[in-house]
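Below are some notes on the model, set out as numbered points for a colleague who will want to check each one against the coordinates.

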Amino acid sequence: MKTRRILSVLLLVAIAFVSQAQHYRSNGMPDMRYSENRSAYGSSYTTTTTLPAVRYQSGYQRTDGTVVSSHYKTESNNTNWDNFSTRGNSNPYTGESGSRARDYSNEARNYGSGQTIQTGSRGGQYYINGNGGKTYVPKQSF
């Protein structure tokens, strides 16, 4: 009877330990500094890489009726070098590789070619598309 009780306690401790194998930040996102999370989420980051600030974006419906599913995205800052969608980076939640040119790279010059590139008040660069809206492009040096 005593052996059974000890085994039960050990089993409960093991279950508690396994349930804590993945570590989460205060905002509920997985902390990619831990190898358990990097392997679980398929991240290509290493422990020496500084991870960008990430936030959860709730799903929503655009005015044209398009439904956008909830997802994780990098926090807005003054560069796209740390964005999941930028070439050379990958999204640790989906495993998708980025395809957008990095700011000030030679590839950025191809975005909006033939268009007049304007700079907004917060530093973003864009051109006016055929619908009269802004199409943002990776930052280019002129």
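**Notes on the predicted model**

1. Tyr-104 is exposed, having a relative accessible area of 53%, and this places the residue in that class because exposed means over 50%. The model is a predicted one, and in it Tyr-104 belongs to the loop between β4 (71–74) and β5 (118–119). The backbone deserves a look here too, since phi of Tyr-104 is near 65°, a positive value in a residue other than glycine.

2. As to the overall architecture, the protein has 2 helices and 7 strands, and from the N terminus on these elements follow the order α-α-β-β-β-β-β-β-β. Of its 142 residues, 25% count as buried. Among contacts between residues at least 6 apart in sequence, 25% join residues at least 24 apart. The protein exposes about 10,300 Å², of which carbon and sulfur atoms supply 51%.

3. How many aromatic pairs does a search of the whole structure find? The search returns 4. One of them joins Tyr-72 and Tyr-93, which are stacked, with 4.3 Å from centre to centre and 25° between the planes. This pair links distant parts of the chain, Tyr-72 being in strand β4 and Tyr-93 in the loop between β4 and β5, 21 residues apart. Tyr-72 is partly exposed at a relative accessible area of 24%, and Tyr-93 likewise counts as partly exposed, at 21%.

4. Tyr-93 also takes part in a pair with Phe-84, in which the ring centres are 6.1 Å apart and the planes stand at 70°, so the arrangement is edge-to-face. Phe-84 counts as buried, with a relative accessibility of 9%. A pair of aromatic rings is described by the distance of the centres and the angle of the planes. Taken together, ring pairs link Tyr-56, Tyr-72, Phe-84 and Tyr-93 into a cluster.

5. Turning to the strands that follow the β4–β5 loop, β5 and strand β6 (residues 125–128) run antiparallel and are joined by 2 bridges, with Gln-118 standing opposite Tyr-126 in β6. The two strands form a hairpin with 5 residues between them, and Gly-123 in the turn has a positive phi of about 95°.

6. β6 also pairs with strand β7 (residues 134–137), in the antiparallel sense and over 4 bridges. Tyr-126 has Tyr-136 as its bridge partner in β7. This hairpin of β6 and β7 has 5 residues between the strands, and within it Gly-132 takes a positive phi near 85°. What sits over the ring of Tyr-126? It is the charged end of Lys-134, 4.7 Å from the ring centre.

7. The count of salt bridges comes to 2. In one of them Arg-55 meets Glu-75, the closest N and O atoms being 4.0 Å apart. Because Arg-55 lies in strand β1 (residues 54–57) and Glu-75 in the loop between β4 and β5, the pair ties together parts that are 20 residues apart in sequence. Arg-55 is partly exposed, with a relative accessible area of 28%, and Glu-75 counts as partly exposed at 35%.

8. In the other salt bridge the side chains of Glu-107 and Arg-87 meet at 2.4 Å, N to O. Glu-107 lies in the loop between β4 and β5, as does Arg-87, so this pair ties together parts that are 20 residues apart in sequence. Glu-107 is partly exposed, with a relative accessible area of 35%, and Arg-87 also counts as partly exposed at 35% relative accessibility.

9. A last point concerns Asn-80, which is found in the loop between β4 and β5. Is Asn-80 buried or exposed? At 8% relative accessibility, Asn-80 counts as buried, because buried means under 20% relative accessible area. Leaving aside its neighbours within four places in sequence, Asn-80 is in contact with Thr-86, Ala-101, Arg-102, Asp-103 and Pro-138. The loop between β4 and β5 thus recurs through these notes, as the setting of Tyr-104 and of Asn-80.

Conventions: Residues numbered from 1 in each chain as written. Predicted model: local features only at pLDDT ≥ 70, side-chain atom pairs only at ≥ 80, totals over all residues. Heavy atoms only, no water. Buried < 20%, exposed > 50% of the residue type's maximum accessible area, 1.4 Å probe, protein only. Phe/Tyr/Trp six-rings, centres within 6.5 Å; stacked < 30°, edge-to-face > 60°. Lys NZ or Arg CZ within 6 Å of the ring centre and 35° of its normal. Pairing = 2+ DSSP bridges. Contact = heavy atoms within 4.5 Å. Areas by Shrake-Rupley, 256 points an atom, 1.4 Å probe, with all protein chains shown as cover.
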